[in-house]
Amino acid sequence: MADAEIPSATFDTILTLDFGSQYTHLITRRLRELNVYSEMLPCTQKLADLHFKPKGIILSGGPYSVYEEGSPHVDPAFLDLGVPVLGICYGQQELAYRLGKDNVVAGVAREYGHADLNAKRLDDQGHVDRLFAGLEDHMKVWMSHGDKLARLPEGFHTIATTSNSEYAGIAHQTKPVYGVQFHPEVSHTPNGIKLLKNFAVEICGANQNWTMSKFVDQEIARIRKLVGETDHVLGAVSGGVDSTVAAKLMKEAIGDRFHAVLVNNGCMRWQECESVHERLTKNLGINLTVVDASKLFLDGLKGVTDPEKKRKFIGGTFIDVFEQQAEKIEAEAQHTTGAKVKWFLQGTLYPDVIESISFKGPSATIKTHHNVGGLPQRMIDGQGMRLIEPLRELFKDEVRALGEQLGIAHELVMRHPFPGPGIAIRILGEVTPERVEIARRADHIFISMIREAGLYDQIAQAYAALDPSKAVGVMGDKRVYAEIIILRAVETTDFMTARAFPFDNEFLSRAATRIINEVHGVSRVLYDISSKPPATIEME
């Protein structure tokens, strides 16, 4: 992503360095809720490679022990940058360990769950440290650790304790460096967001100016600077909110030099191409071309069952189709103005990036997202069309707020996500035209029933998937051996964590009955109650 597109070049930024905690993304979320821009990078990030100076740095928690060989450690240059630092859980231990290897030991009493925290007074007037300013002397916090500090690091003093952690909060005596053993970013720490505000706003001095209205203005200006006055942009749209908002933003920035393309890969939802064409052209004024490449995709997916191979094939084939379309658009543009199609737009979001980035040590790739992991090497290397991703630093709820800011109708903004690979990654096992049709019809029934029940806006994402195995059933007094449909519906705000939507049994029973009766080839319907983590929202 070019520097001209990075929000941290414009907004005060709190940098969170991730040591692999399942809660790390929540730090960024909480700060943005405070209108403070925050960005999350892996703990392996080198300061020399960073293109901005953060207002403050947060070291996240993590599943490792700082004293073990191979454990991740922060680039020391970050701690010498002269900006405030807050270490959370593993991050606190990292700060202490750097000053003395005996400062951290394996906890003799592991601490998971709620704890009662006491903020320590520092003087006779009863003043507490700035990190706890305005907070109660006694507060509930959420602990999740086995190791803890055995002693105070040199130059620090204690600002909070619990019955198990005598150094639950520490502060440097002369520098704005802090550590807490608990997790202020989780909802189980009721006043945690106030503590994060104290750090980001009061201690770091970050402006609370991260709003979608300002982001729109800044992003349009960045796009115009990046693309220039003559270049054209080709944009991939799928009908989902991400690509729709990205397309509208690009339309606002460069007008008719933006060309949206919807590729029918044969794995679209029920009447999806028709409805997307009407919404984008008539409602949003976007120049959209629909390319039917269903045979190309379905033929290429024959015999492919591995999820990653599916995504790689679909991502690469999408680019092939888009590049062919770019050549056609470029030929027309050069005939009149001599302009070229140099840019390729994608609606990649922050959760896509977080889940697709893998770095040595703390985290591992969960799955390759089609937006960030399925691109051919020539695009990654900057050959051919260059990638432009204006939503790359945004969470889903921020994208919806951006859509509202751009004047997109509420119905479109709140539309459930639909992945670029489409139904292909909701069909476990081989993708065939027959199996796509079964999944498509079941999905249409399920979503229609959700809308009729008035539940659509309460659910973040819902769909019907197809299991790779079959099951025995009885229909018309005859034995059948047919497909299994898996229904999935989740509640979430940021799509980093999610839980199954609690349908009542009567609704699920009616949905199962309709799908089995109306979709030929289905004998059984299941409802997936898995949360994320450990499961992902999509099947593949």
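This dialogue goes through domains, their interface, salt bridges and burial in a predicted model.

Reader: Where do I start with a chain like this; which domains does the assignment give?

Author: The assignment divides the chain into domain 1 (10-203), domain 2 (212-408) and domain 3 (433-527).

Reader: How many residues of domain 1 and domain 2 are in contact?

Author: On the domain 1 side there are 17 residues, and these are in contact with 15 residues of domain 2.

Reader: How is the size of such an interface expressed, and what area is buried between domain 1 and domain 2?

Author: The size of an interface is often given as the accessible area lost when the parts come together. Here the area buried between domain 1 and domain 2 is about 1,300 Å². Carbon and sulfur atoms give 63% of that area. Within domain 1, the residues that lose the most area to domain 2 are Phe11, Arg29 and Arg32, which together make up 37% of what that side buries.

Reader: What polar features should I look for between domain 1 and domain 2?

Author: Begin with the residue pairs in polar contact: 5 of them are counted between domain 1 and domain 2, with both residues at pLDDT 80 or more. Helix H1 (24-33) and strand S2 (37-42) each contribute at least two residues to the side of domain 1 that touches domain 2. By class, that side of domain 1 has 8 nonpolar, 5 polar and 4 charged residues.

Reader: How many salt bridges are there between domain 1 and domain 2?

Author: The general idea first: side chains of opposite charge can pair when their charged atoms come close. Between domain 1 and domain 2 the count is 2 salt bridges. In the whole structure, the search finds 25. One salt bridge joins the side chains of Arg29 and Asp397, at 2.6 Å from N to O. Both residues also belong to a network of salt bridges that links Arg29, Arg30, Glu33 and Asp397.

Reader: Which residues meet Glu272 in salt bridges?

Author: Arg269 is one, with an N to O distance of 3.1 Å to Glu272. Arg415 is another, and its N to O distance to Glu272 is 2.9 Å. The pair of Glu272 and Arg415 links distant parts of the chain, 143 residues apart. Glu272 is in helix H7 (residues 272-283), while Arg415 is in the loop between helix H14 (410-413) and helix H15 (433-452).

Reader: Are these residues buried or exposed?

Author: The cut-off for buried is under 20% relative accessible area. Glu272 counts as buried because its relative accessible area is 2%. Arg269 is buried at 14%, and Arg415 is buried at 11%.

Reader: Which residue forms a salt bridge with Glu540, and where does it lie?

Author: Glu540 pairs with Lys310, and their closest N and O atoms are 3.0 Å apart. Lys310 lies in helix H9 (residues 307-336), whereas Glu540 is in the segment after strand S18 (522-527). The two are 230 residues apart and link distant parts of the chain. Glu540 counts as buried at 7% relative accessibility, and Lys310 is buried with a relative accessible area of 0%.

Reader: How do I read the surroundings of a single residue; what does Thr244 touch?

Author: Take its place in the chain, its accessibility and its contacts in turn. Thr244 lies in helix H6 (residues 241-254). Thr244 counts as buried because its relative accessibility is 5%. The side chain of Thr244 reaches the backbone oxygen of Gly240 at 2.8 Å. Not counting residues up to four places away in sequence, Thr244 touches Gly239, Leu280, Leu284 and Ile408.

Reader: Is Thr493 buried or exposed?

Author: Thr493 is exposed, with a relative accessible area of 54%. Thr493 is found in the loop between strand S16 (478-491) and strand S17 (499-500). Leaving aside neighbours within four places in sequence, Thr493 is in contact with Lys396 and Asp397. Asp397 has already appeared as the salt-bridge partner of Arg29.

Reader: Can the reading be applied to a helix; how many residues of helix H3 are buried?

Author: Helix H3 (residues 90-99) is mostly covered, with 8 of its 10 residues buried. The buried residues of H3 are Tyr90, Gly91, Gln92, Gln93, Glu94, Leu95, Ala96 and Tyr97.

Definitions and conventions
Residues are numbered from 1 along each chain as its sequence is written. This is a predicted model: local features need pLDDT of at least 70, side-chain atom pairs count only at pLDDT 80 or more; totals for chains, interfaces and linings use all residues. Side-chain values use heavy atoms; hydrogens and water are left out. Domain bounds come from an automatic or database domain assignment. Contact means heavy atoms within 4.5 Å. Buried area is the accessible area (1.4 Å probe) that two parts lose on being put together, summed over both. A salt bridge is a side-chain nitrogen of Lys or Arg within 4 Å of a carboxyl oxygen of Asp or Glu. A polar contact is a pair of N or O atoms within 3.5 Å; within protein, one must be able to donate a hydrogen and the other to accept it, and residues adjacent in sequence count only if both atoms are side-chain atoms. Helices (H or I, at least four residues) and strands (E, at least two) are DSSP runs, numbered from the N terminus. Ala, Val, Leu, Ile, Met, Phe, Trp, Tyr, Cys and Pro count as nonpolar, Asp, Glu, Lys and Arg as charged, and the others, Gly among them, as polar. Buried means under 20% relative accessible area, exposed over 50%, partly exposed in between (1.4 Å probe, protein chains only).
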